[in-house]
Amino acid sequence: MEKYKVLFVCLGNICRSPSAEAVMKKLVADAGLEREVEVDSAGLIAYHEGEQADARMRAHAARRGYRLDSISRPVRYADFERFDLIIGMDVRNVEQLRQMAPDVATSEKVHAMMEYSRNKLYDYVPDPYYGGASGFELVLDLLEDACAGLLERIKQERLVLADKPSLT
Ligand code: 4NP
């Protein structure tokens, strides 16, 4: 079966979406699903293209055992074909992604990160870039909750797909 491909998207691809990528990759690895699920991240602006994740974000993530090793890149049109799920961190990200989507089918792949939250304390992941340490911790708290919910949803979806009788 083809891998299930998830793309996390924020504004700069140096704080929230690289963290989502790292949190999700760890959950996927811990569940032994690395061969089933592929995870990547991108940004809506190219301003930080080629850069490592923000040093503050990397430091906060490292304290929880996450290594942020992605390099910032902008979202590409081809991503809408390639990925099964494209997840924006906040309402603006989701709106911009839907506007960018080449057609209706691909725009339906766009969802908000906190749709997958289990405790529903927030409905978006706030941008930590201009704030202090607590903002980076909040990002990680929200992502740990929402990525766990996302993995459960993917597992359910994959089970349903696996059970479907072949049409050929
Ligand atoms: P991110 O945070 O979208 O979570 O990566 C930001 C990074 C950079 C900027 C804004 C937000 N910026 O304006 O450069």
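## The ligand and its pocket

The ligand takes up the space of the largest pocket. This is a predicted model.

**The shell.** Which residues surround the ligand? One run in the sequence supplies C10, L11, G12, N13, I14, C15 and R16. H48, D127, Y129 and Y130 complete the surroundings. By type, this shell holds six nonpolar residues, three polar residues and two charged residues.

**Polar partners.** Oxygen atoms of the ligand lie at short listed distances from I14, R16 and D127. For I14, the partner is a polar backbone atom. For R16, the partner is an N or O atom in the side chain. For D127, an N or O atom of the side chain again takes that role.

| Residue | Partner atom | Distance to a ligand oxygen |
|---|---|---|
| I14 | polar backbone atom | 3.0 Å |
| R16 | side-chain N or O | 2.8 Å |
| D127 | side-chain N or O | 3.4 Å |

How much of the ligand does the protein bury? Taken alone, the ligand exposes 350 Å². The protein buries 92% of that area.

**The pocket.** The largest pocket has a volume of about 170 Å³. Its lining includes C10, L11, G12, I14, C15 and R16. I45, Y47 and H48 also line the pocket, as do D127, Y129 and Y130. The lining divides into eight nonpolar, two polar and two charged residues.

**Back to the contacts.** I14, R16 and D127 belong to the pocket lining. They also belong to the shell around the ligand.

How values were computed. Residues numbered from 1 in each chain as written. Predicted model: local features only at pLDDT ≥ 70, side-chain atom pairs only at ≥ 80, totals over all residues. Heavy atoms only, no water. Near = heavy atom within 4 Å. Polar contact = N/O pair within 3.5 Å; in protein donor to acceptor, adjacent residues only side chain to side chain. Areas by Shrake-Rupley, 256 points an atom, 1.4 Å probe, with all protein chains shown as cover. 1 Å grid on protein atoms, 1.4 Å probe; cavity = no way out; pocket = protein on both sides within 12 Å on 5 of 7 lines; lining within 4 Å. Sits in = over half its atoms within 2 Å of the grid points. Nonpolar A, V, L, I, M, F, W, Y, C, P; charged D, E, K, R; others polar. Points joined across faces, edges and corners; volume = space filled by probe spheres on them.
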